[in-house]
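Student: I would like to take a close look at one part of this protein, slowly and with each term explained.

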Amino acid sequence: MCCLRFTMSSSDRKEVERQLKTAQHLGNLRQVKYCLAILAIMDGQSFAQVALILRVHEKTVAAWVCAFCCYGLQGAPHKKPTGRRPKLTPTQQEVLAQFIEEGPGKAGFSGACWRSPMIQRLIYNRFGVLYNVFYIAQLLKNLGFSFQKAAYDSDHLDEHKRQAWRTQTWPQILRAAHTKKALLLFGDEASFPQWGTLTYTWARRGQQPKVKTSGKRKGYKVFGLIDYFTGHFFYQGQDGRLNSAAYITFLTRVLEQTTQPIILIQDGAKYHTSAETQAFFAQQTARLQVVQLPTYSPDYNPIEKLWKKIKQQETHLHYFPTFEALTEKVEQALLKFTNAPEEIIALCSLQTELAQAA
């Protein structure tokens, strides 16, 4: 056990104590330990005892004492040790980030998205460095990446038709609606299942929250139309299947509730485009004009946001022991938005790009 005792003047000791208080005030832990070590050694403590109390290596204490003897307080450590050098250089990390951004395919892997074992193999193949697969997540976080759920990117979308609808058809629809003083109605349907729907919620870590369910495979179906200009909401609920006959009945009721011309914008559901429905449209050409949305373009239909909002507020994480309980809950939500047209206008505004095209 190495033990060294030395003396210093009272002024030097006061200077060390003053430096200790300053380091404590600033929260400089290494400076605090340095000053405590010098004072302890001066009072006759061994290097081993000081190292044990301060939780540092005995060689560190010896280095501090040596630095103090040579340079006084100027020898105090000012910089935190740099620690172990990273296995990948900054340039290699930039190259790795570029590989990850370009996707697995360009790096010779199958699949559309990266997984940790793939990145582990990529690093070993390209740089000769083998990381533990469990460290890959921390490495990627350090490089600015995060663990996310992938989303589908449909390869069957006709982006040319979507752009044409956005830049040409939509402005024409708006001009026609203003000229005719027509209702500009976006239509769609929603289904609210009795067995309930789940979403994210708060709970203790490791204790998955439970929501009771009836397990009955039955749903309440709703036809809906919203007016783009006024936020007026037309709807019709039913417990049967959605078909052409029900759709025609709903549109007939809407036509009876207003005398204005109607421009109806709808998607390509089968009961929207069936021969029976087309025959109905042909009979109503004096007041009803129908426009089809581009294929697979729910983002162009603002009523989709209304359905999402109703489900978030009224049916997610709810238990419906009977079909009547579900129906009552949905009808209350529909009535709420019927009486709040300004909320529908704010909630269901079209995408920015459509507004700009208009």
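Student: Which residue in β2 stands opposite P193?

Tutor: The residue in β2 that stands opposite P193 is G219, and that pair is a good place to begin with strand β1. The model is a predicted one, in which local features need pLDDT of at least 70 and side-chain atom pairs count only at pLDDT 80 or more, while totals for chains, interfaces and linings use all residues. Residues are numbered from 1 along each chain as its sequence is written, and side-chain values use heavy atoms, with hydrogens and water left out.

Strand β1 covers residues 183-193, a strand being a DSSP run of E with at least two residues, numbered from the N terminus. If you follow β1 along its length, you will find that ten of its eleven residues are buried (under 20% relative accessible area with a 1.4 Å probe, protein chains only), so that the strand as a whole is mostly covered. β1 pairs with strand β2, residues 219-227, in the antiparallel sense, and nine bridges join the two, where pairing asks for at least two DSSP bridges. β1 also pairs with strand β4, residues 262-266, but here the sense is parallel and the bridges number four. In this second pairing L183 stands opposite I262 in β4.

I262 then leads us to an enclosed space, for this residue also belongs to the lining of the largest cavity. A cavity is a set of points on a 1 Å grid over the protein atoms alone where a 1.4 Å probe fits but cannot get out, and its lining residues have an atom within 4 Å of a point. By this rule the model has one cavity of 30 Å³ or more, and the largest cavity holds about 40 Å³ of space, a volume being the space filled by probe spheres set on the points, which are joined across faces, edges and corners.

Together with I262, the residues that line this cavity are L185, L225, L251, V254, L255 and L288. Helix α9, residues 244-256, gives the most to this lining, with three residues, a helix being a DSSP run of H or I with at least four residues. When the lining is sorted by kind, seven residues are nonpolar, while no polar and no charged ones occur; Leu, Ile and Val are among the kinds that count as nonpolar.

Notes. Buried means under 20% relative accessible area, exposed over 50%, partly exposed in between (1.4 Å probe, protein chains only). On a 1 Å grid over the protein atoms alone, a cavity is a set of points where a 1.4 Å probe fits but cannot get out, and a pocket is an open set with protein on both sides within 12 Å along at least five of seven lines; lining residues have an atom within 4 Å of a point.
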